[in-house]
Amino acid sequence: MAAVPRLTYFDGRGLAERIRFMLAAAGVEYTERVLTRELFLELVNSGVLMYNQVPLLEWTDGRVFVQSMATVRFLARTYGFYGDNDAEAALIDQVADGIVDFVRVVISFPFTKDMAALDAGVTKYFPCFEAILSKNAPSQFLVGTKLSYADVLLTEAIAGVLELRELDASAFPLCLAHHAAVTSSAWFVAFLASGHRHKLGDDVYARHVDQVLGR
């Protein structure tokens, strides 16, 4: 049994970044293992990857988790980021699904460099995020009165966008206020200092992913 969990992924953000954010919010110490082509094939041949995809999170009791959102929801349930009741949990899932839909354009950006798609995503989804926050006011959170995994995902999403373009403060004041509040939290400051926050994906990262996947 491992002393701490271990996360295996490419040398970059991608689909593992939401897991890193959740582990940070939960205060969980963990190690990371960077994929190589050889390690990826070893994992595929072992059968540990349900769909032959990463990220892979190995828990301290021997359990393994694949599929990034299943892993996020496991962490949310385990560490109390799933609201106070079933109704809140269902709403958190709904909000999170929309955030995940948007984040696809951020995750794919190192490969596509498609700023038009990013802008279209912001135009489509950020008014919805703003409306959700407005409906839950005066709480600063998306659902209920405490941080949920949806808030963590929105923080990851906004952080990614702000590295690529500005957000209109007059159009999305609640989104930016939410981001400022969460990113000033002790767990987020510690995350940035931990070494687990990977840099924005670039051509080197894209080539690394292609090499590992043999494409």
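A salt bridge is a side-chain nitrogen of Lys or Arg within 4 Å of a carboxyl oxygen of Asp or Glu. The legends below describe close-up views of a predicted model.

**View 1. A network of salt bridges links Arg13, Glu17, Arg20, Glu32, Glu163 and Arg197.** The structure holds 14 salt bridges. Within the network, Glu163 pairs with Arg197, and the closest N and O atoms of the two are 3.5 Å apart. Glu163 sits in the loop between α6 (149-162) and α7 (173-183), while Arg197 sits in the loop between α8 (186-194) and α9, so the pair links distant parts of the chain, 34 residues apart. Glu163 is partly exposed, with a relative accessible area of 38%. Arg197, at 18% relative accessibility, counts as buried, because buried means under 20% relative accessible area. Two other members of the network, Glu17 and Arg20, belong to helix α1 and are buried there.

**View 2. Helix α1 spans residues 17-26 and is mostly covered.** Ten of its ten residues are buried. Among them are the charged residues Glu17, Arg18 and Arg20, as well as Ile19, Phe21, Met22 and Leu23. Ala24, Ala25 and Ala26 of α1 are buried too. The helix is followed by Gly27, which has a positive phi, near 75°.

**View 3. Four strands form an open sheet in the order β2-β1-β3-β4.** The pairing in this sheet is mixed. Strands β2 (31-34) and β4 (64-66) are the edges, each pairing on one side only. From one strand to the next, the twist averages 20°. Helix α1 packs on the sheet and touches β1, β2 and β3. The direction of α1 makes about 160° with that of β1. Strands β1 (residues 6-9) and β3 (residues 56-58) run antiparallel and are joined by three bridges. In one of these strands, β3, Glu58 is the bridge partner of Arg6.

**View 4. Lys113 and Asp203 meet through their side chains in a salt bridge.** The N to O distance is 2.9 Å. Lys113 lies in the loop between α4 (86-112) and α5 (115-135), and Asp203 lies in helix α9 (residues 203-213), so the pair ties together parts that are 90 residues apart in sequence. Both residues are partly exposed: the relative accessible area is 43% for Lys113 and 44% for Asp203. The backbone of Lys113 has a phi near 55°, a positive value in a residue other than glycine.

**View 5. Asp61 and Arg63 form a salt bridge.** The closest N and O atoms of this pair are 2.8 Å apart. Asp61 is partly exposed, with a relative accessible area of 37%. Arg63 is also partly exposed, at 40%.

**View 6. The largest cavity holds about 170 Å³ of space.** The count comes to one cavity of 30 Å³ or more. The largest cavity is lined by 14 residues, and the closest to its centre are Arg13, Gly14, Val106, Ile107 and Glu156. Helices α4 and α6 each supply at least two residues of this lining. The largest share, four residues, comes from α4. Arg13 also takes part in the network of salt bridges.

**View 7. The largest pocket holds about 400 Å³ of space.** Its lining has 22 residues, of which Tyr9, Gly14, Leu15, Val54 and Ile107 are the closest to the centre. Helices α3 (68-79), α4 and α9 each give at least two residues to the lining of the pocket. Helix α4 gives the most, with six residues.

**View 8. Two cis peptide bonds are shown, from Val54 to Pro55 and from Ala137 to Pro138.** Most residues other than glycine have a negative phi, and most peptide bonds are trans. For the bond from Val54 to Pro55, omega is near 20°, and Pro55 lies in the loop between α2 (37-46) and β3. For the bond from Ala137 to Pro138, omega is near 10°, and Pro138 is in the loop between α5 and α6.

**View 9. Gln67 has a positive phi, near 70°, and is a residue other than glycine.** Gln67 is placed in the loop between β4 and α3. At 32% relative accessibility, Gln67 counts as partly exposed.

Definitions and conventions:
Residues are numbered from 1 along each chain as its sequence is written. This is a predicted model: local features need pLDDT of at least 70, side-chain atom pairs count only at pLDDT 80 or more; totals for chains, interfaces and linings use all residues. Side-chain values use heavy atoms; hydrogens and water are left out. Buried means under 20% relative accessible area, exposed over 50%, partly exposed in between (1.4 Å probe, protein chains only). Two strands pair if DSSP finds at least two bridges between them. Axes are lines fitted to C-alpha atoms, for helices over the stretch in contact, and angles run from 0 to 180 degrees between N-to-C directions. Contact means heavy atoms within 4.5 Å. On a 1 Å grid over the protein atoms alone, a cavity is a set of points where a 1.4 Å probe fits but cannot get out, and a pocket is an open set with protein on both sides within 12 Å along at least five of seven lines; lining residues have an atom within 4 Å of a point. Grid points are joined across faces, edges and corners, and a volume is the space filled by probe spheres set on the points.
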